[in-house]
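Me: I'm new to this one. Please pick a single part, look at it closely, and then walk me outward from there.

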Amino acid sequence: MGSSETVSPPQTTDMESSTEKQPPEGHESFPAKMVAREVNAFFGKTHALHNVSLDVPEKHVLAIIGPSGCGKSTFLRCLNRMHEVAGGSMKGTITLDGQDTASIDAVDLRRRVGMVFQKPNPFPTMSIFDNVAAGLRFNGMHNRKKLEEIVERCLRQAALWDEVKDSLNKSGMSISGGQQQRLCIARTLAVNPEVVLMDEPASALDPLSTAKVEELIYELKSNYTIAIVTHNMQQAARVSDMTAFFYIGELIEVGETKRLFTTPQKKQTEDYITGRFG
Amino acid sequence: MERDAEIQNVMTTGQSLYHRWRKLKNHGMTTVSGLCLLVAVVPLLLIFGYTLYQGASALNLDFFIQMPKPVGETGGGMANAMVGTAILIGLGALFALPVGILAGIYLAEYGSNPLGVAVRFMADVLSGIPSIVVGVVAYIIVVLPMKHFSALAGGVALAILMIPTITRTTEEMIRLVPQSFREAGLALGISQWKTTVRIILPTALKGITTGILLALARAAGETAPLLFTALGNRFWSTAIDQPIGSLSVFIYDYAKAPFEDWNQQAWAAGFVLISLIFLLSLIFRFVTRSRYGEF
């Protein structure tokens, strides 16, 4: 914390409350969509995250890297309060557009901050169409025409439309793993979130599907704020604008992806990205 | 690298003694489980066959569409008892399904607290209570206030017997649904209740149906709790505030009667009851079959 190059990120007026706390290092240029300050996360007595302060830049891709068990998924799940669903607890503040997420109803928050999981998890009792429409339908939209429109748009956005347009009534489980994951991305996009969190979205996929998902992430960032957790450093380097390195529950370093991978400032970061420890 | 001789020995695929022993064990266990399957299925077939054999002479169209004949007259049927059984099960299900399913949902989704533990424990105890005791309870809470026996009282007794089974299977089946579907629903901004009812419940439906079916089947065959609740009725009645006949009580009465033709009709009624349960299973399976096979 507090390196000499720290520059306070330009912030909108309604975010003043967070400016008085120390912003994390390395935020050179991007305005923040979500701001986490001194976040501590716990699972029972296990202290999973220690004082993490990190900004999620608006309409950019933030990659979170680090070895297994470093707390990167936990951090991601704190952002949309999925952490508490698994029985965890959190201290510190996380804001979305300056509003404390703890004060937003969890259901409303998750409509604005969507999530794609590591393992593709389409709803097994639903068709491909119904999977994409689920979020809207269960929140009260039943206009068939409108739903059809949105489903098509989201499947197109997820680069899946051409592959499934003739089998929209087939089970969401009937397509390949890579297609299922893109279906899950389409499903997440359908509720029109502002932020999309991705928890190792490509780790269960083959290289071709991975490439498709990465391409997709790249395209999505013009409309969405994206935070992606990944084990794969090449992936982080390819898709992200900012990269944060976590190690044993702490944020070690965050910076522009190019800068972090070429001139890491912390020894641990350098060791990790050069593969000297894992 | 030196290969470990012992590992080599174990992992070898040749015709070693160990290899043959392994194959033998494999075949042995397959045979044993096959035999156990037979042991489990044969009694069902025997019972089915024997009731049919004994009751065949009484099984005719009249048995299904006629009313019981007075003592001394031969022939007649059990139309009223079949309708009565249907009404009793229907009433029982009407009370037990909402309570059982909602309680099961509560236990699975919100029940990791002292209340949940207590309810779970009590459901288990309730499922172990002898059915005749449940009959007494229904007698006290329904028959005494109403001052007469009724189908309603029988339905309440059956419901009390069904509730624990339905509750516990619903809970177990919901718990079997992977957490990832729950998270996927919540992450879409779907409320916990809607996630449970619209995503989790359909996924668990097949298992829950099996539980409901077991409960219904058990209730259909219950006799003791009906003896002093629904009582029995030799006449046509579909009123729920009046005593009503049922197959199981008819079997009880007719099987201990000293008349040959009544005994035969008891067998026939037994056969019909088993067939009903069988049919019910098939219908339930068909209705809840998945569009997509797997779930």
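Reply: Let's start with helix α7 (residues 177-190) of chain A, which lies across β6 and β7 of chain A and runs at about 170° to β6(A). Helices here are DSSP runs of H or I with at least four residues, strands are runs of E with at least two, and both are numbered from the N terminus. Axes are lines fitted to C-alpha atoms, for helices over the stretch in contact, and angles run from 0 to 180 degrees between N-to-C directions.

Before going on: this is a predicted model, where local features need pLDDT of at least 70 and side-chain atom pairs count only at pLDDT 80 or more, while totals for chains, interfaces and linings use all residues. Residues are numbered from 1 along each chain as its sequence is written, and chains are lettered from A and ligands numbered from 1 in the order in which they are written.

Now look at what sits under that helix. Strand β6 covers residues 113-116 of chain A, with Val113(A) and Met115(A) pointing one way, Gly114(A) and Val116(A) the other way, and all of them buried. Buried takes 20 or more other C-beta atoms within 10 Å of a residue's own, exposed means 12 or fewer, partly exposed is in between, and the C-beta atoms are placed from the backbone. In a regular strand, side chains alternate between the two faces of the sheet.

β6(A) runs parallel to strand β7 (residues 195-199) of chain A, and four bridges join the two. One of the residues to find is Met115(A), whose bridge partner in β7(A) is Leu197(A). Two strands count as paired if DSSP finds at least two bridges between them.

Zoom out a little and these two strands belong to an open sheet of six in chain A, in the order β6-β7-β8-β3-β9-β10, with mixed pairing. β6 is an edge strand, and so is β10 (250-256) of chain A: each pairs on one side only. From one strand to the next, the twist averages 20°. Further in, strand β3 (residues 61-65) and strand β8 (residues 225-229) of chain A pair in the parallel sense over four bridges. There, Ile64(A) has Val229(A) in β8(A) as its bridge partner.

Chain A has another open sheet, this one of four strands in the order β2-β1-β4-β5, with antiparallel pairing. Its edges are β2 (46-57) and β5 (99-100) of chain A. Strand β1 (residues 32-43) of chain A is joined to β2(A) by eight bridges, and the two run antiparallel. If you want a pair to find, try Ala41(A) and its bridge partner in β2(A), Leu49(A).

Also in chain A, have a look at helix α2 (residues 72-79): eight of its eight residues are buried, so the helix is largely enclosed by the rest of the structure. The buried residues include Lys72(A), Phe75(A) and Arg77(A). Just after α2(A), Arg81(A) takes a positive phi of about 55°.

For chain A as a whole, the tally is 11 helices and 10 strands. Of its 278 residues, 50% count as buried.

Next, hop over to chain B. 19 residues of chain B are in contact with 24 residues of chain A, where contact means that the C-beta atoms, placed from the backbone, lie within 7 Å. On the chain B side, α8 (179-187) and α9 (192-221) each supply at least two residues, and the largest share, six residues, comes from α8(B). That side divides into 10 nonpolar, five polar and four charged residues. Ala, Val, Leu, Ile, Met, Phe, Trp, Tyr, Cys and Pro count as nonpolar, Asp, Glu, Lys and Arg as charged, and the others, Gly among them, as polar.

Finally, follow α9(B) to its packing with α12(B): their axes are 10 Å apart, at an angle of about 165°. That makes α9(B) roughly antiparallel to α12(B) (over 145 degrees counts as roughly antiparallel, under 35 as roughly parallel, 65 to 115 as roughly perpendicular and the rest as oblique). The crossing is right-handed, as a crossing is called if the near helix is turned clockwise from the far one by less than a right angle, and left-handed if anticlockwise. Among the residues in contact are Leu213(B) and Leu216(B) of α9(B), and Leu276(B) and Phe284(B) of α12(B). By class, this contact has nine nonpolar, three polar and no charged residues.

Notes
Two residues are in contact if their C-beta atoms, placed from the backbone, lie within 7 Å.
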